[in-house]
Amino acid sequence: MAVPDAEDVALLNEAHRLAEALDEANPPTVVAVAFDGVVAPDAIAAGDPDEILHVTREAGTFAPGAAGIEARSRALAEATTDARAVLLPDTADGTDLAAATARRRRSACVTDCLLRVRDDELLAGRPAYGGRAYAEFSFERLPPVVTLNTEALGTPDEPPTGVPSERTLEVSVGDDDRIRHVETFDVPEDDLSKARRIVAGGFGLGGPDGFDLIEELADAVGAAVGASRPPSDEGWVAYDRQIGVTGKEIDAQLYVPCAISGDSYHMRSVNADHLIPINTDPNARIFNFADLGIVGDAYEYGPAIADAIRRAKRDADGATEEVAE
């Protein structure tokens, strides 16, 4: 049983792969759970599950985020009585829902892992000790509830065919009265390996004060702060901010390296949909990887870009308020 996000149904491919590995002749059914009000059944049909379970409730729809964890975990615990495993994406919401569901079912829970099948048994593996070791877990209490890194999942040997069946399960569950959804904030991911937007600084900033402007630009963009190895070695930033062969590997939507030359030890660990460097050297290697490059001083362009982004956000917010009125 899988509980995918509306925007990412890769989880269902992994569910099919595991079902195939568990029993090639008669694989378990892959069921995709769609909570009413959170994920529309049509949105996850693209993942070709065998069945779509549309979970509804008597008292309105389910709420996303922390405010809805209580109700969704109770509903998911009820819906997974016969499940072989419960798979969720390794997001903040997925991790919270996995932990709450496992507690209700009194079953095992492992987050940010990958699954494998050995001797007809599901095993979970994940890095340990800061990536210096690899731990493997077996499950004594079933079904295991796990969150998976959707960037590193497999596909089945035989892609699923046909139209998924659909059924509806209505449950009687209440929300957690202690939690209210007030406003959603775009909070940067602290773990660089999971961050979708990153602004990083290099040795060319000249000193630790340069990371004040990196933080300012990152704040405007809603991004995490990163660094190349030299600033980390010099103690300008914490070691966990380092990107590169001896630091973190990143896979981001947006990466803005400032005063970073772009040597192979750094770029080997960088994967970004959009890479926009700022560097005074027009011949810097970093520009070979750029989608858009800014040749100039980060101390000049960083604050200017941050101000422009903040003005654009204010203008957009003002336009939204006018439409609402």
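**Salt bridges, core and surface of the predicted chain**

Asp93 is partly exposed, at 27% relative accessibility. Buried stands for under 20% relative accessible area, exposed for over 50%, and partly exposed for the range in between, with a 1.4 Å probe and protein chains only. The model is predicted: local features need pLDDT of at least 70, side-chain atom pairs count only at pLDDT 80 or more, and totals for chains, interfaces and linings use all residues. Residue numbers run from 1 along each chain as its sequence is written, and side-chain values use heavy atoms, with hydrogens and water left out.

The C-alpha atoms of the chain fill a box of roughly 60 × 55 × 35 Å along the principal axes. The chain has 325 residues, of which 42% count as buried. Its secondary structure comprises 8 helices and 14 strands. Helices (H or I, at least four residues) and strands (E, at least two) are DSSP runs, numbered from the N terminus.

A search of the whole structure finds 13 salt bridges. Each salt bridge places a side-chain nitrogen of Lys or Arg within 4 Å of a carboxyl oxygen of Asp or Glu. Asp93 pairs with Arg72 in one of these, with the closest N and O atoms 2.8 Å apart. Asp93 belongs to helix α4 and Arg72 to helix α3, so the pair ties together parts 21 residues apart in sequence. Arg72 is buried, at 2% relative accessible area.

Glu70 and Arg104 also meet in a salt bridge, at 2.8 Å from N to O. Glu70 sits in helix α3 (residues 69-79) and Arg104 in helix α4 (residues 92-105), so this pair ties together parts 34 residues apart in sequence. Both partners are partly exposed: Glu70 has a relative accessibility of 23%, and Arg104 one of 32%.

A further bridge joins Glu216 to Arg310, whose closest N and O atoms are 3.9 Å apart. Glu216 lies in helix α5 (residues 210-221) and Arg310 in helix α8 (residues 298-324), so parts 94 residues apart in sequence are tied together. Glu216 is partly exposed at 30% relative accessibility. Arg310 is partly exposed at 24%. Elsewhere, Asp90, Asp112 and Lys194 form one network through salt bridges that share partners.

The largest nonpolar core contains 24 residues. Such a core is a set of buried Ala, Val, Leu, Ile, Met, Phe, Trp, Tyr and Cys residues joined through side-chain atoms within 4.5 Å. Leu87, Cys113, Leu115, Phe139, Val146 and Leu148 have the most contacts inside the largest core. Two or more core residues come from each of α1 (10-22), β1 (31-35), β4, β5 and β7 (145-148). Helix α1 gives the largest share, 6 residues.

At the surface, Asp23, Glu24, Asp119, Asp120, Glu121, Asp157 and Glu158 form a negative patch. Patches take residues with over 30% relative accessible area and no salt bridge, joining like charges within 9 Å and nonpolar side chains (Val, Leu, Ile, Met, Phe, Trp, Tyr) within 5 Å. Accessible areas come from the Shrake-Rupley method with a 1.4 Å probe; for residues, only the protein chains shown count as cover. Lys and Arg count as positive and Asp and Glu as negative, while His and the chain ends are not counted. Each charge is placed at NZ of Lys, CZ of Arg, CG of Asp or CD of Glu. Asp119 occupies the loop between β4 (109-118) and β5 (121-128). Asp119 is exposed, at 71% relative accessible area.

Ile276 lies in the loop between β12 (270-275) and β13 (278-279). Ile276 is partly exposed, at 23% relative accessibility. The C-alpha atoms of Ile276 and Tyr255 are 6.3 Å apart, with their positions 21 residues apart along the chain counted as separation.
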